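Trainee: I'm new to this structure and would like a close look at one part of it. Could you pick out a single helix and walk me through it, along with whatever helps to place it?

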Amino acid sequence: MVYRGMLRTAIGIVREEGPLKLWQGVTPAIYRHIVYSGVRMVAYEQLRDSALGRRADASFPFWKAVVGGMVAGAVGQFMASPTDLVKVQMQMEGRRRLEGNAAVPPHSCSRTLVNVLMVHGVYHTFLKIVSEGGIRGLWAGWVPNVQRAALVNLGGMSPTRLLYNAPQ
């Protein structure tokens with residue numbers, strides 16, 4: 001079933017899977033937010049104060065704020081990419097079950113699909129990704145995510161930081 005729009009999608013999930021499924025993936029989303037926001041804020045401050053540097057009058061040119069914001073967003077997203085991947089895997093679990101694509105348990109002799117979870121939480125999902133793709137597997141799909149984060153930070157972090165860091 002295809003839903004159009006956020007509200008119709010949410011209603012469809014509640015009808016088909018129950019209201020608690022709206023929160024599936026929230027734990028890794030919180031982990032992602034902590035890693036992403038923490039790294040990008042520290043990275044921006046370090047870039048501003050060290051690598052890009054302020055002027056002698058302690059001002060920070062707009063172009064440097066833009067570059068710093070984009071680099072900080074990219075670095076933050078790169079570091080948070082594994083948590084994004086885990087979040088998506090957990091959110092997709094309900095869809096896999098609805099489509100009948102659940103895993104066959106290893107001890108099963110039957111060739112029929114049974115309703116078994118492929119992932120059982122954040123820790124299990126991390127382990128599953130690493131066992132299937134190694135440590136590098138945690139960064140699958142990082143390039144478009146890093147590009148998006150750099151552009152989001154360009155529009156969100158740079159002008160805001162520029163205003164707060166203007167000379168008094």
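Mentor: Here is a walk through helix α4, with some background before it and a pair of aromatic rings after it.

Keep in mind from the start that this is a predicted model. The protein chain has an average pLDDT of 80, and 79% of the residues score at least 70. One stretch to treat with care is residues 108–115, where the pLDDT is below 50, though the model still gives this stretch 11 contacts beyond near neighbours in sequence. Where pLDDT is low, the predicted coordinates shouldn't be read in detail.

Now the overall layout. You'll find 5 helices and 0 strands in the protein chain, so to speak an α-α-α-α-α pattern when you read along the sequence. Of the 168 residues, 33% are buried. Take the contacts in the protein chain with a separation of 6 or more: 67% of them are between residues 24 or more positions apart. As for the outside, the accessible surface is about 10700 Å², and carbon and sulfur atoms account for 65% of that.

On to α4 itself. This helix runs over residues 122–133, which makes 12 residues. From its first C-alpha to its last it reaches 16 Å, close to the 16 Å expected at 1.5 Å a residue. Which of its residues are buried? They are Val122, Thr125, Lys128 and Ile129. These four sit on the same side of α4, because they cover an arc of only 125 degrees around the axis. Look at the other side of α4 and you'll see Tyr123 and Ser131, which are exposed. Just past the end of α4 comes glycine 134, with a positive phi of about 70 degrees.

Carry on along the chain and you come to some aromatic residues. There are 2 aromatic pairs by the count used here. In one of them, phenylalanine 78 and tryptophan 142 have ring centres 5.1 Å apart and planes at 85 degrees; planes over 60 degrees apart count as edge-to-face, so this pair is edge-to-face. The pair ties together distant parts of the chain, since phenylalanine 78 belongs to helix α3 (residues 62–98) and tryptophan 142 to helix α5 (residues 142–164), 64 residues apart. Are these two residues buried, partly exposed or exposed? Phenylalanine 78 is partly exposed, at 32% relative accessible area, and tryptophan 142 is partly exposed too, at 35%. Ring pairs also bring in Trp139, giving a cluster of Phe78, Trp139 and Trp142.

How values were computed: Residues are numbered from 1 along each chain as its sequence is written. This is a predicted model: local features need pLDDT of at least 70, side-chain atom pairs count only at pLDDT 80 or more; totals for chains, interfaces and linings use all residues. Side-chain values use heavy atoms; hydrogens and water are left out. Helices (H or I, at least four residues) and strands (E, at least two) are DSSP runs, numbered from the N terminus. The expected span of a helix is 1.5 Å times one less than its number of residues. Buried means under 20% relative accessible area, exposed over 50%, partly exposed in between (1.4 Å probe, protein chains only). The arc is that of the directions from the helix axis to the C-beta atoms. pLDDT is the predictor's confidence in each residue, from 0 to 100. Contact means heavy atoms within 4.5 Å. Accessible areas come from the Shrake-Rupley method with a 1.4 Å probe; for residues, only the protein chains shown count as cover. Rings of Phe, Tyr and Trp (its six-membered ring) pair if their centres lie within 6.5 Å; planes under 30 degrees apart count as stacked, over 60 as edge-to-face and the rest as tilted.
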